[in-house]
Amino acid sequence: MIKKDKQFRKFQMYGFLKNLRFFEPFLILFFISSGLSYLQIGILYSIKSIATNILEIPTGVIADLYGRKKSMLFSMISYIISFLIFYFSRSFYLYILAMIFFLLEKLLEPVHTRQ
């Protein structure tokens, strides 16, 4: 039996809680309160979906080149950048950039941690 340390358990809990995505409905409410129309919100989520298909392979190559730890670090940094852009900007075009950083968080984390 493989002994699991305390750090591994913390990472499991982090992954479980993060992937539940409790904040997703609040993100839509945030967009509405920022003055975006439903069409613009739909465009943001469409860009996220299209960018997922386009960036899946290049981010996989990045993860293979730099390793799991650096890939996780890049993932966390892009996640933080996305929420900073969401918080400090009120421009639809900057929200597009933030959605791409938000997407990179998911794409850069190692495949075995995705759900």
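Which element of the protein has the lowest mean pLDDT, and which the highest? Colour the model by confidence and take a look. This is a predicted model, and helix 1 (residues 6-19) sits at the bottom with a mean pLDDT of 77, while helix 5 comes out on top with 92. For the protein as a whole the mean is 85, and 91% of the residues reach 70 or more.

**Stop one: helix 3.** Select residues 38-66. You now have 29 residues spanning 39 Å from the first C-alpha to the last, close to the 42 Å expected at 1.5 Å a residue. Follow the helix along to Leu55, where there is a kink of about 50 degrees. The proline Pro58 comes shortly after that kink. Go on past the end of helix 3 and you meet Gly67, which has a positive phi of about 95 degrees.

Now show some side chains. Ile41, Leu44, Lys48, Ala51, Thr59 and Ala63 are buried in helix 3. What covers them? Bring up helix 2 (24-33), helix 4 (68-88) and helix 5 (92-108), which are among the elements that do the covering.

**Stop two: the largest nonpolar core.** This core has 14 residues. Pick out Phe31, Leu36, Leu44, Phe86, Phe92, Tyr95 and Met99, the ones that touch the most other members. Helices 2, 3, 4 and 5 each put in at least two residues, and helix 5 gives the most, with six.

Zoom in on Met99 next. Setting aside neighbours within four places in sequence, you'll find Met99 in contact with Phe31, Leu44, Tyr45, Lys48 and Phe86.

**Stop three: two serines in helix 4.** Start with Ser75, which lies in helix 4. Is Ser75 buried or exposed? Its relative accessible area is 1%, so Ser75 counts as buried. Its side chain reaches the backbone oxygen of Glu105 at 2.7 Å. Beyond residues up to four places away in sequence, Ser75 touches Glu105, Leu108 and Glu109.

Then click on Ser78, also placed in helix 4. Ser78 is buried as well, because its relative accessible area is 4%, under the 20% cut-off. Which backbone atoms does the Ser78 side chain reach? One is the backbone oxygen of Ser75, at 2.9 Å; another is the backbone nitrogen of Glu105, at 3.2 Å. Leaving out residues up to four places away in sequence, Ser78 touches Phe101, Phe102, Leu104 and Glu105.

To finish, draw a distance from the C-alpha of Ser78 to that of Phe30: the two residues are 48 apart along the chain, and those atoms are separated by 19 Å.

Conventions. Residues are numbered from 1 along each chain as its sequence is written. This is a predicted model: local features need pLDDT of at least 70, side-chain atom pairs count only at pLDDT 80 or more; totals for chains, interfaces and linings use all residues. Side-chain values use heavy atoms; hydrogens and water are left out. Helices (H or I, at least four residues) and strands (E, at least two) are DSSP runs, numbered from the N terminus. The expected span of a helix is 1.5 Å times one less than its number of residues. The bend at a residue is the angle between axes fitted to the seven residues ending there and the seven starting there. Buried means under 20% relative accessible area, exposed over 50%, partly exposed in between (1.4 Å probe, protein chains only). Contact means heavy atoms within 4.5 Å. A polar contact is a pair of N or O atoms within 3.5 Å; within protein, one must be able to donate a hydrogen and the other to accept it, and residues adjacent in sequence count only if both atoms are side-chain atoms. A nonpolar core is a set of buried Ala, Val, Leu, Ile, Met, Phe, Trp, Tyr and Cys residues joined through side-chain atoms within 4.5 Å. pLDDT is the predictor's confidence in each residue, from 0 to 100.
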